Amino acid sequence: MSVWIGIDLGTQSVRVMAVTGDGRVLGAAGRPLTSHRDGPRHEQDPEQWWEQLAAAAREALRDVPPGPVGGVAVDATSGTILLTGDDGRPLTPGLMYDDRRAAGEVDRVNEAGARVWDRLGYRRMQANWALPKLLWLLRDAPAGARLAHQNDFVNRRLTGLPVATDLSNALKTGVDLIDERWPSDVLDALGVPASVLPGVVRPGTVLGEVCAGAAEATGIPAGTPVVAGTTDGCAAQLGAGALTPGSWNSVMGTTLVLKGVTRELVHDPLGVVYSHRAPDGSWLPGGASSTGAGVLARDLAGRDLDALSRLAAGRFGSGGSSADPSATVYPLVSRGERFPFAAPEAEGFTLGHVGDDVDRYAAILRGAAYIERLCFDYLDLLGAPVDGEIVLTGGATRSAYWNRVRAAVLGRPVTLRENAEPALGMAVLAAGPASAARMVRTREVVEPGGEDLREYYLRFVAELEDRGWLPTEAAAHARRRSTR
């Protein structure tokens, strides 16, 4: 029986999962991680990553039948880095994905790398990206310091040897994803010595084997292949099984994140879509909106959301006289929108009449679904294929009513998986891309139905355009697609 281990090294916890080749979970466990926050500062102790990973792995494997393991892969939070010594021990805390203390380095980074960043499609780096943070750390670095991304650090502990980094985690450190190497001219101009940087490989590449010391600490058998992983977002996409060109994983959690697959690199003049590189060399474009289910927790704090979902399904599904399907809330979790358009000044608003909590709940769900539809319309405008399977994951999929609303707005069937955890995605990566069809299991396919919401969607699009946030070309394309 083949067993594959996936490890998700997140912000709040590390999770380990042992999965068979046909997708059965033989064991799973998690351990918490502690953050230290203060204004723009967000750090974690790298030694805790390893200690908690080892404890979770021992528990996850406790009841797994003894025998060889096919491979292990680790994902990590995007843009989280530290400096280590030649021996792999940490010289600095881990600067987490949203640490913004390197804001003073951003202009220099974007000036030096403008040509490369533009060619890669994201155009500009941000203060929380890894390359500005690396420059900030190198100011006081001792001789011999080396860059490590979050999963590089634990991969070295697993193998006992220096390891290459993966293209996915190296994206925000400035790796050239087209040439699959560090852009030496840019890094030379920024004063980053080549000796600081690890080698670079595609996700899915074997980095080494679990060493005896790591086997004793984790319970993972010595000799198990250690496979280069990805960022946590790409891991979730792998776990969702969105792996073929034209397929997309739409994650509705606190905010909305879309990730898909294309054969060619997508170029976005707005810079709101950027792409990772897939293990097979294809591209994984995506974007992150500032809208999502976080508005429910804010605007309906303390309410029973499951009850509101049932009541909304009854009220709007039956076309009750009190129901107003035109009511829409633009559900911005915080000021400013990032995708499918860039509008730092954008603020939430309400269209139509909202009578009570059930109306507000339904209006928020419709607004989020309209933004999701607009994301796909914008991706289509950029030339990305959007005609494949759409897999919904994230906390919002717990609401059957919301799933139906999203299918209706998209005008497409949507797929729900039994399990789409990032840890599963890493088990799939360790097993190889061909394994996804066997390891990723479908729970349900939701067909579009119910009331036609296109009129209200276009009213919402027009409002975004009138406020000057949504570019006219994008709005016009959304209108054209709605008539197909």
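Begin by selecting Ser275 together with Pro285, because these two residues are bridge partners, with Pro285 lying in strand S17. As you look at the pair, keep in mind that the model on your screen is a predicted one.

**The hairpin around S17**

Now widen the selection to residues 274-277, which form strand S16, and you will find that this strand pairs with S17 in the antiparallel sense over 4 bridges. The two strands make a hairpin, with 5 residues between them. Within that turn, pick out Gly281, whose phi is positive at about 95°.

**The other neighbour of S17**

Next, select residues 256-260, which are strand S15, and follow how S15 is joined to S17 by 3 bridges, the two strands running antiparallel. For one pair to look at here, choose Lys259, whose bridge partner in S17 is Gly286.

With these neighbours displayed, colour residues 283-288, the whole of S17, and ask whether this strand is largely enclosed or not. Of its 6 residues, 5 are buried, so S17 is largely enclosed by the rest of the structure. While you turn the view, it may help to remember that in a regular strand the side chains alternate between the two faces of the sheet.

**Helix H14**

Move on to residues 422-431, which make up helix H14, where 8 of the 10 residues are buried, so that this helix too is largely enclosed by the rest of the structure. The buried residues are Ala423, Leu424, Gly425, Met426, Ala427, Val428, Leu429 and Ala430. An α-helix has 3.6 residues a turn, so residues three or four places apart point the same way.

Which elements cover the buried residues of H14? To see some of them, show strands S1 (3-9), S2 (13-20), S6 (71-76) and S13 (225-227), and then add helices H9 (232-240) and H15 (436-439), all of which are included in that cover. Finally, step past the end of the helix to Gly432, which follows H14 and has a positive phi, near 105°.

**The whole chain**

Zoom out until the entire protein chain is in view, with its 17 helices and 22 strands. Its radius of gyration is 23 Å, close to the 23 Å that the globule rule gives for 484 residues, so the chain is as compact as a globular protein of that length. The C-alpha atoms fill a box of roughly 70 × 55 × 40 Å along the principal axes, and buried residues account for 57% of the 484 residues.

Technical notes:
Residues are numbered from 1 along each chain as its sequence is written. This is a predicted model: local features need pLDDT of at least 70, side-chain atom pairs count only at pLDDT 80 or more; totals for chains, interfaces and linings use all residues. Side-chain values use heavy atoms; hydrogens and water are left out. The radius of gyration is taken over C-alpha atoms; the globule rule is 2.2 Å times the number of residues to the power 0.38. Buried means under 20% relative accessible area, exposed over 50%, partly exposed in between (1.4 Å probe, protein chains only). Contact means heavy atoms within 4.5 Å.
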